[in-house]
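Student: I would like a close look at a single part of this structure, with its surroundings taken into account. Could you walk me through it in one connected account?

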Amino acid sequence: MKVMVIVKATKDSEAGMMPSQQLLTEMGKFNEELVKAGILLAAEGLQPSSRGKRVRFAGPSRTVIDGPFAETKELIAGFWLWKVKSMDEAVAWVRRCPNPHNEDGEIEIRQVFDPEDFAPIDPTGDLRAAEARLREQIERQS
């Protein structure tokens, strides 16, 4: 199963404070462990929401909203994409993770949909086959 491991934003991350060299070193070691275990698929930190935009959908209209965004506790500072055997395994890895901030914070773990999750609404498999072709094309481009 794939999971997205979401590092929640804090006041410091939203203020654009960079992590310390020590934290970067600790995170680098943690990421090396994830790679050696065959778990890590992607990992990225995100710029503060002040550099972001949101697009609000209302029927056919689209409205662009410039950051920063107010609710820090609902924002994301970074993420990993992992391939694990179970949610319990993901939790075990997160428990080993260095604290990504200089303050209290949270890391959220969310399971990524698997193509087979859509079988009930795609009985012929045509939509899943089309998605698989797109994924193959993306992999060839990387």
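Tutor: This is a predicted model, and a good place to enter it is the largest pocket, which is lined by 26 residues, with Pro19, Gly45, Leu46, Ala77 and Pro100 lying nearest its centre. The volume of this pocket is about 710 Å³. At least two lining residues come from each of α1 (11-14), α2, β2 and β5, and α2 gives the most to that lining, with five residues, which makes α2 the part to examine.

Helix α2 runs over residues 21-36, and its 16 residues reach 22 Å from the first C-alpha to the last, close to the 22 Å expected at 1.5 Å a residue. Its buried residues are Leu23, Met27, Phe30 and Leu34; because they cover an arc of only 60 degrees around the axis, they sit on the same side of α2. On the other side of the helix, Gln21, Gln22, Leu24, Lys29, Val35 and Lys36 are exposed.

The buried residues of α2 pack against β2 (40-45), β5 (76-83) and α3 (87-96). The largest nonpolar core has 20 residues, of which Val3, Phe30, Leu34, Trp80 and Trp82 touch the most other members. At least two residues of this core are supplied by each of β1 (2-8), α2, β5 and α3, and α2 gives the most, with four residues. Helix α2 is thus the element that gives the most both to this core and to the lining of the largest pocket. Just after the helix, Gly38 takes a positive phi of about 75 degrees.

Conventions. Residues numbered from 1 in each chain as written. Predicted model: local features only at pLDDT ≥ 70, side-chain atom pairs only at ≥ 80, totals over all residues. Heavy atoms only, no water. Expected span 1.5 Å × (residues − 1). Buried < 20%, exposed > 50% of the residue type's maximum accessible area, 1.4 Å probe, protein only. Arc of directions from axis to C-beta. Contact = heavy atoms within 4.5 Å. Core = buried A, V, L, I, M, F, W, Y, C linked by side-chain atoms within 4.5 Å. 1 Å grid on protein atoms, 1.4 Å probe; cavity = no way out; pocket = protein on both sides within 12 Å on 5 of 7 lines; lining within 4 Å. Points joined across faces, edges and corners; volume = space filled by probe spheres on them.
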